[in-house]
Structures are given as C-alpha cells and as structure tokens.
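Visitor: I have a structure open in front of me and would like to learn how to read it. Could you walk me through it?
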Amino acid sequence: MLDNLPRGTICIEDIEMGMSRHLRKQVTDQDIEMFAQVSTDRNPVHLDDDYAQDTIFEGRIAHGMLTAGLISAVIGEQLPGHGTVYMGQTLKFLAPVRPGDVVYAEVKVVDIDHAKRRVTLDCHCSVDGKKVLIGEAKVLAPSRKFD
C-alpha cells in the first residue's frame, strides 16, 4: 500500500478545509477471496471465472464494498485517523474493479463543525484515473480535549 502521509491521528483542532489524504492498493485474488470469507458474500461474479465471463462485466470483479473499504482505511488511518468514528457514508459505484487493478482512494475535507467535532469528507476511488466509486462520509473526529 502506498500512502501519501504516515498513519496516525489528526485531531479536530488541526483539520482544515481542503485537507486530503489518499492511498493506493493493488486488489489481488487473495484480497477478493479473503473479503468473500469475512463478508460471506460468495457471489460467483467475484470468485468464478467461467460464471463471471457470461455477465455484463465479462470477467471477475472485486466486491464493491472491498473497494469502499479503502475509503474507510484512509479515514481510519490518516484523515482524521485513529479514534475517528464513522457516522455515515454514501456510495455510488461507477465502474467495476478487477483483480490486479491498482485502486487510488482519496478523501478530502469539505465541511467542518468544530463545536460538534463533525467532519464531512468527499470520497472517491479511481483506477487508471477513471473514477470507480464516489461518495461522502460524515465522521466524528478525535479531539485533544479527550486524549
């Protein structure tokens, strides 16, 4: 995984509008199999080459929520980072992610409510510069006051 900044915590007192963080990850067959095991989603479009070939995707694809999980990784590890509590997330899937694809996941601060410690983040994932997922996350950011 290639992150733009180290993992850790950015407290609400230090979060600024426009701040962003990202990571890149290659989605492997092992990732897809492990996600299927954990989620119990064994849809053959993710796991069976022959089955998936006869679908609209013409081949296997990663679980959409596996891709969305990369957004969660950026939020939970980088911005705001450790101690963040998810309040909500919208997602729109635009294109499939296939085994071997390198996914770029990015979040950007678009609104801050310092009094309530709430941060709204614009989120997207892309493969080769093409967006495959867009959405918005609302989170409760950690504060130095409570550490």
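Guide: Gladly! Let's begin with the surface: the chain exposes about 8,100 Å², and carbon and sulfur atoms supply 51% of it. Accessible areas here come from the Shrake-Rupley method with a 1.4 Å probe, and for residues only the protein chains shown count as cover. This is a predicted model, where local features need pLDDT of at least 70 and side-chain atom pairs count only at pLDDT 80 or more, while totals for chains, interfaces and linings use all residues. Residues are numbered from 1 along each chain as its sequence is written, and side-chain values use heavy atoms, with hydrogens and water left out.

Visitor: How many helices and strands does the chain have?

Guide: Helices (H or I, at least four residues) and strands (E, at least two) are DSSP runs, numbered from the N terminus. In this chain there are four helices and six strands, and their order from the N terminus is β-β-α-α-α-α-β-β-β-β.

Visitor: Which sense does the pairing of strand 2 and strand 4 take, parallel or antiparallel?

Guide: Two strands pair if DSSP finds at least two bridges between them. Strand 2 (residues 20-26) and strand 4 (residues 102-113) are antiparallel, with seven bridges; one of the partnerships joins Leu-23 to Ala-105 in strand 4. Strand 4 also runs antiparallel to strand 5, and ten bridges join them. These two form a hairpin with four residues between them, and Arg-117 in the turn has a positive phi of about 65°. Look also for Asp-113, which sits opposite Arg-118 of strand 5.

Visitor: Is Thr-120 buried or exposed?

Guide: Buried means under 20% relative accessible area, exposed over 50%, and partly exposed in between (1.4 Å probe, protein chains only). Thr-120, in strand 5 (residues 118-127), counts as buried because its relative accessibility is 8%. For comparison, Met-34 in helix 1 (residues 29-39) has 44% relative accessibility, so Met-34 counts as partly exposed. Across the 147 residues of the chain, 40% count as buried.

Visitor: Which residues does Thr-120 touch?

Guide: Contact means heavy atoms within 4.5 Å. Leaving out residues up to four places away in sequence, Thr-120 touches Lys-108, Val-109, Val-110, Asp-111, Glu-136, Ala-137 and Lys-138. For the chain, 66% of contacts between residues at least 6 apart in sequence join residues at least 24 apart.
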